[in-house]
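This report goes through one structure, starting from a pair of charged side chains and moving on to the sheet and the core. Please look at the sequence and the model below before reading on.

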Amino acid sequence: MELHNLKPAKGSVKSGSKRLGRGEATGNGGTAGRGHKGAKSRSGYSRKIGFEGGQMPLQRRVPKFGFTNPNRVEFQTLNLDRIQELVEEGKIKDQIDFDTLLELGYVKKNSPLKILGRGELKSKLKITAHKFSASAKSTIEAAGGEAVTI
């Protein structure tokens, strides 16, 4: 291998691209394929997101309604049937709280937890959570357990 026979690796050099604006003889001189006048022909042009050529954009045509509360609290939910499965698998014994569920990977740490009443609970458990549905609370207490709100 010597200097006169060095070549770039195959496929590393992209060639064959149009050489725009290199004189009239090339066929791509003058306007360099940008057409005549208009925003797209100018240097520094960048289309705004949602721009539809001056037509009223879809985002502004569609009617807006309602209200989004910026202070809404989104709860993570866990049903009683899932808690009963955890008891049957032997992962929890007599009490369950947010930290235990966090270690088991059933909840994430930044959102509060709400216990919902789907399914039935056979075990006597002390359950600690941020919120309980009415049916979940009654089911837990009917099974002899305790529902503690954090």
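The structure is a predicted model. Lysine 91 has a relative accessibility of 44%, so it counts as partly exposed, a class that lies between under 20% for buried and over 50% for exposed. Its salt-bridge partner is glutamate 89, with the closest N and O atoms 3.4 Å apart. Glutamate 89 is likewise partly exposed, at 45% relative accessibility.

**Salt bridges**

In total the structure holds 5 salt bridges. Side chains of opposite charge can pair when their charged atoms come close. Including the pair just described, three of the salt bridges are set out here.

| Salt bridge | N to O distance | Relative accessibility |
|---|---|---|
| Lysine 91 and glutamate 89 | 3.4 Å | 44% and 45% |
| Arginine 61 and glutamate 52 | 3.2 Å | 42% and 30% |
| Glutamate 85 and arginine 82 | 2.3 Å | 36% and 23% |

Glutamate 85 and arginine 82 both belong to helix α2, where they are 3 residues apart, or about one turn of the helix. Arginine 82 is partly exposed because its relative accessibility is 23%, and the buried class ends at under 20%.

**The sheet**

How are the strands of the sheet ordered? The sheet is open and has 3 strands in the order β1-β3-β5, with parallel pairing. At the edges are β1 (76-79) and β5 (131-132), each of which pairs on one side only. Helix α2 (residues 80-88) packs on this sheet and touches β1 and β3, and its direction makes about 65° with that of β1.

Strands of a sheet pair through backbone hydrogen bonds, either parallel or antiparallel. Here β1 and β3 are joined in the parallel sense over 4 bridges, and β3 (residues 113-116) pairs with β5 over 2 bridges, also in the parallel sense. Lysine 114 of β3 is the bridge partner of threonine 77. Lysine 114 also has a bridge partner in β5, lysine 131. Isoleucine 115 has phenylalanine 132 as its bridge partner in β5.

The side chains along β3 alternate: Leu113 and Ile115 point to one face and are buried, whereas Lys114 and Leu116 point to the other face and are not buried.

**The core**

In soluble globular proteins, nonpolar side chains tend to be buried together. The largest nonpolar core of this model has 20 residues, and the members that touch the most others are Ile83, Leu113, Ile115 and Ile127. Two or more residues come from each of α2, α3 (98-104), β3, β4 (126-129) and α4 (134-142). The greatest contribution is that of α2, with 4 residues.

Which residues does isoleucine 115 contact, leaving aside its neighbours within four places in sequence? They are Leu78, Leu80, Ile83, Ile127, Ala129, Lys131, Phe132, Ser133 and Ala136.

**The segment before α1**

Serine 15 is placed in the segment before α1 (58-61). Is serine 15 buried or exposed? Its relative accessibility is 65%, and over 50% is the class called exposed, so serine 15 counts as exposed. The C-alpha atoms of serine 15 and glycine 144 are separated by 78 Å, and these residues are 129 residues apart along the chain.

Methods. Residues numbered from 1 in each chain as written. Predicted model: local features only at pLDDT ≥ 70, side-chain atom pairs only at ≥ 80, totals over all residues. Heavy atoms only, no water. Pairing = 2+ DSSP bridges. Contact = heavy atoms within 4.5 Å. Axes fitted to C-alpha atoms, helices over the stretch in contact; angles between N-to-C directions. Buried < 20%, exposed > 50% of the residue type's maximum accessible area, 1.4 Å probe, protein only. Core = buried A, V, L, I, M, F, W, Y, C linked by side-chain atoms within 4.5 Å. Salt bridge = Lys/Arg side-chain N within 4 Å of Asp/Glu carboxyl O.
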